[in-house]
Amino acid sequence: MTEVTLAGAFTTQESAAIRGDFAILSRSVRGGKPLVYLDSGATSHKPRQVLDAERAFYEQHNSAVHRGAHQLAEEATDAFESARETIARFIGAPTREVVFTKNATEALNLVAYAFSNAAAAGAMDGVDPALAARFALGVGDEIVITEMEHHANLVPWQELARRSGATLRWIGLTDEGRLDLGDLDTVITDRTKIVAFTHVSNVLGTINPVAAIVDRARAVGALTVLDACQSVPHLAVDVVDLGVDFLAFSGHKMLGPMGVGVLWGRYDLLAAMPPFLTGGSMIEDVRLEGTTYAAPPQRFEAGVPMAAQAVGLAAACDYLTALGMPRVTAHEHALTEALLAGLAQRPWVRVIGPVDGQNRSGAVAFVVDGVHPHDVGQILDDAGIAVRVGHHCASPLHRRMNVTATTRASFAAYNTLAEVDALLSALDRVPAVFGVAI
Amino acid sequence: MDLYQEIILEHSKRPHHAGLREPFNAQVRHINPTCGDECTLRVQLRGEGRSAVVADLSYDAIGCAISTASASVLADEVIGHSVEEALTSFEAMRRMLTSKGADTGDEEEIGDGVAFAGVSKYPARVKCALLGWAAFKDALAQAGIDISATTTSTTLASDTMEIS
């Protein structure tokens, strides 16, 4: 490999080695065209190392974790808990603060339901009253989100507001697609109990100023929940540095398996929270008259957990760590800059989101005025290029940006500049097919 | 590619019978949750039951070339025809679109609809092509027509729907 002294994009040789780990990248689609996969924002591919880790678990250690005392049960439990350690290290968290969920959506619902369930009689018995008060939500209280949220970090809060009588408020967007923090102090007030926002927009690519929002939330005593689905796979994330109270991400967007996600939360908060899903594993003592719960993280992991997927996700963390997260970020940044520059040369394409690479991640949404994004996506698909079309589970964001839908290209470490060029040249077919003036 | 036939692009650029008009017996609004595409559609019937004539079909379709062109073809095919004939056209269109390329369509039954035969090879786009047709069938039901003898379009729509 070429020696690299600064954190920069992967060299051609490094890229070839990375791509060699992803078997799917060598397949063809639509009648023999090489696959150009630019939809990692929806789900990433998984390297051989992740698949091998899952297979090894099933072939050598498969057993229901936290149950039984036979050797396989011990090994499976050890593999599962080791995976928790690896994943915790990846985000700079103490191991006991990492809760496995089936995906980020479940992780966010877990937090939202903690507020609902805290309202039940006796739910917060034994919890320090000052801490319990932070989870007490009712009429007059407010939940703050942003206009750029994915539905997974929007609908659960809307529903919580409906159930609790609290009011949902939101931080708006600028025309460029960044958070409009001009009225932050009037949106986040003493009435605010929760501020839930995304680290990186899955549509606009905007990297949000977490510190500014956390500072304001802390000043009014609100809890902060960060949707990190689009940041953990692409940027070095340290939960302590971020200063939030909860953070959620999914495994399948970060080279890991489907069916596993993570909720990270400060331990004192997790320890105060009532469970979301209940059943086996999450208990301490069960009698017909009532049940006491296990300590976190087990309290939030009812049922036999997704051990093989957790092991796979840990392998994905190892894989990303070996690549080096600063290198991953730099590589994807180079691809993003190249795509933005290429789109800027095509006046018939309009980028929805920041047009410069500053504080921006590798999700690039765009529209061709006069052509529906589904039709743009179809032309790209015909050339073997996989992009996402639609509203990307962010309808209010699209409404704010005055578009029904967009076409979105999104990158991962395995993408190359040649793939950016392939996208741009396939895009050049769109005006001719649909009779758009260029 | 065989998806964007000239006739489809032509319908999508200059849709026939577009716009919402009075009077109408029923109005429905159908949405494709994947992309946010919408079709608001009105029907005005003359007569009773399945022998009633579709006196007017007016619509406002916001969507891709496939869905807007399909609404235009729908209007061409059903206005001035009996409900019975319109439902036969619906069934023929649905059959072709869900045939995965096996059924190339009958011009007698669906007119310009045969241009959409290529859509059936793209499962993700079938819902686009059926959006207006499904709305039409729903509007007939809301106008009091018994549509039970035909395949339900909603079942079909959910089969091809991408959830997001």
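Against which elements of chain A do the buried residues of α12(A) pack? In this predicted model, the buried residues of α12(A) pack against two helices and three strands of chain A, namely α11 (307-323) and α15 (417-427), together with β13 (349-352), β14 (363-368) and β17 (406-410). Helix α12(A) itself covers residues 325-344, a run of 20 residues. From its first C-alpha to its last it reaches 28 Å, close to the 28 Å expected at 1.5 Å a residue. The buried positions of the helix are Val328(A), His331(A), Glu332(A), His333(A), Leu335(A), Thr336(A), Leu339(A), Leu340(A) and Leu343(A).

The domain assignment of chain A gives domain 1 (12-46 + 323-434) and domain 2 (52-321). Their C-alpha centres lie 29 Å apart. The contact between them takes 29 residues from domain 1 and 31 residues from domain 2. On the domain 1 side, the elements giving two or more residues are α12, β14, α14 (395-400) and β17 of chain A. Of these, α12(A) supplies the largest share, 5 residues. By class, this side of domain 1 has 14 nonpolar, 10 polar and 5 charged residues.

The largest nonpolar core has 137 residues. Those with the most contacts inside it are Ala248(A), Val262(A), Ala307(A), Ala310(A) and Val311(A). Helix α11(A) gives the largest share of this core, 11 residues. Both domain 1 and domain 2 of chain A give residues to the core, so it lies between them. Leaving aside neighbours within four places in sequence, Ala307(A) is in contact with Phe57(A), Val65(A), Ala76(A), Ala79(A) and Phe80(A). A second, separate core has 48 residues, among them Val43(B), Ala65(B), Leu74(B) and Val83(B).

Strand β7(A), residues 192-198, is largely enclosed by the rest of the structure, because 7 of its 7 residues are buried. The strand pairs in the parallel sense with β5(A), residues 142-146, over 3 bridges. In this pairing, Val195(A) of β7(A) is the bridge partner of Val144(A). Strand β7(A) also runs parallel to β8(A), residues 223-227, and 5 bridges join the two. Here Ala196(A) stands opposite Val225(A) of β8(A).

Chains A and B are also in contact, with 16 residues taken from chain A and 14 residues from chain B. The side of chain B that touches chain A divides into 9 nonpolar, 4 polar and 1 charged.

Note on methods: Residues are numbered from 1 along each chain as its sequence is written. Chains are lettered from A and ligands numbered from 1 in the order in which they are written. This is a predicted model: local features need pLDDT of at least 70, side-chain atom pairs count only at pLDDT 80 or more; totals for chains, interfaces and linings use all residues. Helices (H or I, at least four residues) and strands (E, at least two) are DSSP runs, numbered from the N terminus. The expected span of a helix is 1.5 Å times one less than its number of residues. A residue is buried if 20 or more other C-beta atoms lie within 10 Å of its own, exposed if 12 or fewer, and partly exposed in between; C-beta atoms are placed from the backbone. Two residues are in contact if their C-beta atoms, placed from the backbone, lie within 7 Å. Ala, Val, Leu, Ile, Met, Phe, Trp, Tyr, Cys and Pro count as nonpolar, Asp, Glu, Lys and Arg as charged, and the others, Gly among them, as polar. A nonpolar core is a set of buried Ala, Val, Leu, Ile, Met, Phe, Trp, Tyr and Cys residues joined through C-beta atoms within 7 Å. Domain bounds come from an automatic or database domain assignment. Two strands pair if DSSP finds at least two bridges between them.
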